[in-house]
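Me: Could you take a close look at one part of this structure for me? I would like to follow a single sheet, strand by strand, and see how the chains come together there.

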Amino acid sequence: MTEKELQPKAKEEAPAKGERVRPGRVFLPAVDIFETPEALTLVADMPGVPKDKVTLDIKDNHLTISGEIIPPMAAGETMTFQEYYTGDYQREFQLGSIIDQARIEATMKDGVLRLLLPKAEKAKPRKIEVKMG
Amino acid sequence: MPIFTFREPGWSPLQEMERLQRRMGRLFEETYAPGMARWRPGVYPLVNISEDHDYLYVRAELPGVNPQELEITVHEGNLILRGERKIPSEEKNINYHRRERESGYFRRVLSLPSPVNPDKVEASYKDGILTVKLAKPEEIKPRVVKVQSA
């Protein structure tokens, strides 16, 4: 049970990288990243992004997550009061170790992406026993 | 000792300066941009209000909120949004690298820019976005006025 009152935060824009084909802003999603000995889990808030508009890209140890939003306003609507901006999401991470790409699991629910990145066998920590000489 | 290290690629103090500069620029832009509410630490959740001929739409970004935890009330020209964002706790044996997502409760009273029919309010929740659709009463809907020739 949480007792904390939520505070609003302005969304942070992603650093510009090259030119984008799609117009509009790009924001950095807020993330939680945690690890267990077996896997790494990444949870990202990407409100407005449907399930089929999430892209994951892993090259070597470079992970990029991105999501495209569906424009929230229908044609014929005019904005009268705006407190937040809308736009796509993108964020990049450098993974410090090897991920078993074949076993990656991704789920998207209510604008929250959850990514399970299982570690490759050789990346798992091992306990090293010191033998008496 | 962490087995995994996480850092944003290409971090450098110079880039950080650039980022700061961009944010400052954006701050000015947002403060003086027409149509944009002057950004101030408001009340969660932030909302965008739009309208068309028949309805007023109030939208808020509430990712990962169970729609059943949302309570929406219309009362005397005010829209009240209450709810709680829960982040289920993970297993005990984990180590966090980043923890930016926040949980907690919220209650916001919003005074609506125009009168609405309290009996015709619909709320929907999709992909983490809450949309409250409020019908305008007949008497405030825009009307086309025809010019009559004398």
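**A sheet across two chains**

Reply: Happy to! A good place to start is Ile33(A), which stands opposite Leu42(A) in β3(A). Please keep in mind that the model is predicted. The strands around this pair are β2 of chain A, residues 31-35, and β3 of chain A, residues 39-45; they pair in the antiparallel sense over 5 bridges.

Now step from Ile33(A) to Phe34(A), and the view turns to the other chain: the bridge partner of Phe34(A) is Tyr96(B), in β5(B). Here β2(A) and β5(B) run antiparallel, joined by 4 bridges. As general background, strands of a sheet pair through backbone hydrogen bonds, either parallel or antiparallel.

Put these pairings together and you can walk through an open sheet of 5 strands, in the order β8(A)-β9(A)-β3(A)-β2(A)-β5(B), with antiparallel pairing. At the edges are β8 of chain A (105-109) and β5 of chain B (95-99), each pairing on one side only. From one strand to the next, the twist averages 10°.

The wider setting is the contact between the chains, where 52 residues of chain B meet 45 residues of chain A. On the side of chain B that touches chain A, at least two residues come from each of β1 (47-51), β2 (55-61), β5 and β6 (104-111) of chain B. By class, that side of chain B has 23 nonpolar, 12 polar and 17 charged residues. So β5(B) turns up twice in this picture: as an edge strand of the sheet and as a contributor to the side of chain B that touches chain A.

Key. Residues numbered from 1 in each chain as written. Chains lettered and ligands numbered in written order. Predicted model: local features only at pLDDT ≥ 70, side-chain atom pairs only at ≥ 80, totals over all residues. Pairing = 2+ DSSP bridges. Axes fitted to C-alpha atoms, helices over the stretch in contact; angles between N-to-C directions. Contact = placed C-beta atoms within 7 Å. Nonpolar A, V, L, I, M, F, W, Y, C, P; charged D, E, K, R; others polar.
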